[in-house]
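Reader: Please take a close look at a single part of the chain and describe the setting of its side chains with care. Once that is done, connect the part to the chain as a whole, and say how far the coordinates can be trusted.

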Amino acid sequence: MVRRTKEDALETRNGILDTAERIFGKRGVSRTSLDDIAKAAGVTRGAIYWHFRDKADLFAAMVSRVTLPMEDQVCGAWDPSVADPLAHVRGRLIRVLERMTTDPQCRRVFHIVYHKCEYVDEMRDVWKRLGEMRAGCLAHVEQGFREATAKGQLPKSLDPKRAAIGIYALVDGLINNWVIDPDYVPLALEAQHMIDLYLDGLRHVPPARTRATRTGTRTRRTSGARSSPRT
């Protein structure tokens, strides 16, 4: 009997989350009340408060259903036994992009996260949680690039932190635009090529001295052009 009660409670909770996901996607988070969700889910407002503190808590639980599995891909602690760090990072990021195209729920939730929610007032804590996830992903990828540099897979002149920020921006931007318009880019076909294009660029980062020389040359040329007398 107790087991059945727990199963019923879990079923009710998931039903509330499924309903919230659907209504948030249609109306937006700020224009959806807990009463709206309760009515659409066929439960009482009290049932919602039994499972969630408030709308922000419900929203966070809805997001966690897809972000937690994705965090396992690129946000976990770095495994020092990884023999090929560059392939590891590459594979994880490609799987994140591919999941967007194969998991409809993932696409729906990220569409809400990016385009249907204002992170103010009660939603500030959710924004903080998303920021923590981003920081974890960046740290994981940065460590991967550090390991790849140490193993000679990437040049010593590479700045791992900058490289991690850049590839995160690439993945984040692709997801952001794709959930609005899947025709923006055939993500299922292009995910691997996009990541490889970026990583190929990292392999050809010039030595620091070369970059400094090029910068100095551009500066001298610019200064010379500005100081040239008019005729």
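Author: C106 is a buried residue, with a relative accessible area of 0%, where buried stands for under 20%, exposed for over 50%, and partly exposed for what lies in between, judged with a 1.4 Å probe and protein chains only. C117 likewise counts as buried, at 13% relative accessibility. A search of the whole structure nevertheless finds 0 disulfides, a disulfide being a pair of cysteine sulfur atoms within 2.5 Å.

This is a predicted model, in which local features need pLDDT of at least 70 and side-chain atom pairs count only at pLDDT 80 or more, while totals for chains, interfaces and linings use all residues. Residues are numbered from 1 along each chain as its sequence is written, and side-chain values use heavy atoms, with hydrogens and water left out.

D103 lies in the loop between α5 (85-102) and α6 (104-115), and at 17% relative accessibility D103 is buried as well. From this loop, the side chain of D103 reaches the backbone nitrogen of Q105 at a distance of 3.1 Å. Such a polar contact is a pair of N or O atoms within 3.5 Å, one able to donate a hydrogen and the other to accept it within protein, and residues adjacent in sequence count only if both atoms are side-chain atoms.

Turning to charged side chains, the structure holds 11 salt bridges, each being a side-chain nitrogen of Lys or Arg within 4 Å of a carboxyl oxygen of Asp or Glu. One of them joins E142 and R146, at 2.7 Å from N to O; because these two residues are 4 positions apart in helix α7 (residues 124-150), about one helical turn separates them. E142 is buried at 17%, whereas R146, at 41%, is partly exposed. Another pairs D36 with R27, whose closest N and O atoms are 3.1 Å apart, and here both partners are partly exposed, D36 with a relative accessible area of 27% and R27 with 44%. In a further bridge, R162 and D159 bring their closest N and O atoms to 3.6 Å, with R162 exposed at 65% and D159 partly exposed at 32%. Elsewhere, D18, E21, R65 and R108 are joined into one network by salt bridges that share partners.

As for the chain as a whole, the protein has 10 helices and 0 strands, helices (H or I) being DSSP runs of at least four residues and strands (E) of at least two, numbered from the N terminus. Of its 231 residues, 35% count as buried. Among contacts with a separation of 6 or more, 71% come from residues 24 or more positions apart, a contact meaning heavy atoms within 4.5 Å. The protein exposes about 13800 Å², of which carbon and sulfur atoms supply 52%, as computed by the Shrake-Rupley method with a 1.4 Å probe.

On trust, the mean pLDDT of the protein is 88, and 87% of its residues reach 70 or more, pLDDT being the predictor's confidence in each residue on a scale from 0 to 100. Confidence is highest in helix α2 (residues 34-41), at a mean of 97, and lowest in helix α10 (residues 208-227), at 55. Where pLDDT is low, the predicted coordinates should not be read in detail.
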